[in-house]
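This briefing goes through one protein model, from a single residue to the whole chain and then to selected strands and loops. Please keep the sequence and the 3D view open while reading.

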Amino acid sequence: MRLYNTASRKLDELPPPPGPIRMYFCGPTVYQRIHVGNARPFIVSMWLKRWLEHVGYDVTLVENITDINDKIYAAAPGRSAELAADASQWYIEDTEDLGLGRPDHEPKATESIDEIVALIGELVDRDLAYPAGGDVYYRVDRFSEYGTLSGRLDEDSVRNPSEEEEQSSLKENPRDFALWKGHKESEDTWWDSPWGRGRPGWHIECSAMAEKHLGSVFEIHGGGLDLVFPHHENEIAQSRGAGRAFARLWMHNGMLRFAGEKMSKSLGNVITLRDAIDTWGRETVLMLFLGAHWRKPMDYTDDTLQQAKSQWTSFLNAFLSLAPPQPAPSWEDFEAALNDDFNTPAALAILHEWRFTTQRELLGRGLKLFGLVYESQEAPPELEAKAKARRHAREANDFAQADQLRREIEELGWEVRDLEKDPGYQLIPKQ
């Protein structure tokens with residue numbers, strides 16, 4: 001199997017099964033309910049984990065929760081720990097409702113302070129970091145590889161809007177970034193360290209958590225495209241500066257767009273994952289993601305969601321109808337699509353081809369890999385009675401009564417469809 005590697009700018013081969021394949025994906029910063037764009041790394045990583053395990057790999061997936069961050073302090077002055085705990089639970093609940101399972105480890109920054117402090121200490125001992133006014137900063141100029149992941153090799157490439165606020169007056173160089181931040185009176189949580197009371201910077205948290213759960217070298221590091229610089233660039237500087245080989249392959253998923261712009265809390269154009277699932281259903285949300293290649297941007301609109309919903313309905317209908325025998329792609333064709341840069345749109349096209357054939361077993365297997373499971377449901381007796389009464393009303397040309405019974409059936413969450421053969425109708429759960 002091969003995947004596009006941001007670091008090499010090409011498709012790189014994974015080692016053959018069973019691997020192992022150890023993966024670290026950057027999870028959310030928890031200060032409110034996550035939006036649909038935040039869910040993309042979770043969905044991509046869980047799908048990739050399921051597929052790699054299916055083809056025989058030994059997979060370990062780590063997806064962190066950033067529960068120490070400037071944004072949390074700003075969102076809840078005096079109660080940041082309480083907000084972070086609540087928002088962490090919302091994140092678990094909302095992603096759980098996607099029906100894809102959980103990563104193997106979901107570490108929190110607050111649970112990893114000892115490892116973070118130890119890693120900062122190593123960087124200070126190597127003269128790659130320096131204390132200043134209660135903070136500790138990384139010396140970017142001492143790390144010759146800085147900028148190779150993002151391609152930002154110019155020394156004028158200093159900041160990124162997603163980076164945390166820092167006191168430039170304490171830095172030796174404007175490009176240096178904080179590993180430890182001295183305690184401020186406005187911050188209600190802190191930890192002790194050799195450099196005084198404070199808390200870690202954003203970037204060092206992931207370096208420490210990845211090593212804690214995956215070791216000093218692992219196969220895949222993933223996250224949103226907006227994390228390439230500075231977050232992932234800084235992770236590389238920290239971990240490799242401390243002598244760790246760190247990640248071999250870097251996966252960066254494309255952004256989710258809302259009305260043509262990147263969905264972002266800072267832009268205020270967000271739809272929460274909770275609202276999306278409650279409004280459209282988890283299957284529609286998953287179908288939306290399945291139709292876009294993980295590296296490409298994708299649009300979240302009423303039109304794209306309606307298309308995704310219609311696709312899911314078409315798959316359900318395939319299990320309820322008879323299809324004529326005809327040539328169809330094989331399971332090997334499906335595998336080839338996913339083994340080539342995890343091409344879910346190509347896999348989706350094959351699923352649709354199976355929909356029009358007798359390949360129900362392959363269709364069910366393929367959908368199940370993405371958490372899309374067809375479950376046949378028997379209508380309760382009272383619905384069967386209404387459907388039969390509607391059929392008799394239609395036969396008697398009492399269309400007003402037939403329409404009334406159809407509405408009653410729909411209000412109970414079902415659809416009724418007319419058939420030419422016995423029993424003359426079909427009841428299907430509404431999606």
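Which residues does Ser88 touch, not counting residues up to four places away in sequence? They are Val30, Ile65, Asp67 and Lys108. Ser88 sits in helix α3, which spans residues 80–96. With a relative accessibility of 3%, Ser88 counts as buried, because the cut-off for buried is under 20%. The model is predicted, and every value below is computed from it.

**Whole chain**

- The protein chain contains 14 helices and 15 strands.
- Taken along the principal axes, the box filled by its C-alpha atoms is roughly 90 × 50 × 35 Å.
- The protein chain has 431 residues, and 51% of them are buried.
- Of the contacts between residues at least 6 apart in sequence, 74% join residues that are at least 24 apart.
- The exposed area of the protein chain is about 18800 Å², with 47% of it supplied by carbon and sulfur atoms.
- There are 49 positive and 71 negative side chains in the protein chain. The centres of these two sets lie 3 Å apart.

**Strand β9 and its partners**

- Strand β9 covers residues 217–224, and 7 of its 8 residues are buried, so the strand is largely enclosed by the rest of the structure.
- Strand β3 (residues 21–25) runs parallel to β9, and 3 bridges join the two.
- Tyr24 has His221 in β9 as its bridge partner.
- Strand β10 (residues 246–253) also runs parallel to β9, joined to it by 7 bridges.
- His221 stands opposite Trp250 in β10. His221 is thus a point where both pairings can be located in the view: Tyr24 is its bridge partner, and Trp250 stands opposite it in β10.
- Phe218 stands opposite Ala247, which is also in β10.

**Ile220 in β9**

- Ile220 is found in strand β9.
- Is Ile220 buried or exposed? Its relative accessibility is 0%, so Ile220 counts as buried.
- Leaving aside neighbours within four places in sequence, Ile220 is in contact with residues including Ile21, Arg22, Met23, Tyr24 and Phe25. Strand β3 is made up of residues 21–25.
- Other contacts of Ile220 include Leu249 and Met251, and β10 spans residues 246–253.
- Leu3, Leu14 and Leu48 are also among the residues that Ile220 contacts.
- Ile220 and Leu14 are 206 residues apart along the chain, and 9.4 Å separates their C-alpha atoms.

**The β9-α6-β10 unit**

- Strand β9, helix α6 (residues 228–241) and strand β10 form a right-handed β-α-β unit.
- Helix α6 is mostly covered, with 13 of its 14 residues buried.
- Gly243 follows α6 and has a positive phi, near 95°.
- In β10, 7 of the 8 residues are buried, so this strand, too, is largely enclosed by the rest of the structure.

**Backbone points to check**

- Most residues other than glycine have a negative phi, and most peptide bonds are trans.
- Where is Phe246 placed? Phe246 belongs to strand β10.
- Phe246 is not a glycine, yet its phi is positive, near 65°. Phe246 has a relative accessible area of 1%, so it is buried.
- Arg9 is another residue other than glycine with a positive phi, near 60°.
- Arg9 lies in the loop between β1 (2–5) and β2. Its relative accessible area of 40% makes Arg9 partly exposed.
- Pro17 and Pro18 are joined by a cis peptide bond, with omega about 10°. Pro18 is in the loop between β2 (10–13) and β3.
- A cis peptide bond also runs from Gly19 to Pro20, with omega near 10°. Pro20 is likewise placed in the loop between β2 and β3.

Key. Residues numbered from 1 in each chain as written. Predicted model: local features only at pLDDT ≥ 70, side-chain atom pairs only at ≥ 80, totals over all residues. Heavy atoms only, no water. Helix = DSSP H or I, 4+ residues; strand = E, 2+ residues; numbered from the N terminus. Buried < 20%, exposed > 50% of the residue type's maximum accessible area, 1.4 Å probe, protein only. Contact = heavy atoms within 4.5 Å. Areas by Shrake-Rupley, 256 points an atom, 1.4 Å probe, with all protein chains shown as cover. Lys, Arg positive; Asp, Glu negative; His and termini not counted. Charge placed at Lys NZ, Arg CZ, Asp CG, Glu CD. Pairing = 2+ DSSP bridges. Right-handed = clockwise from strand over helix to strand, strands pointing away.
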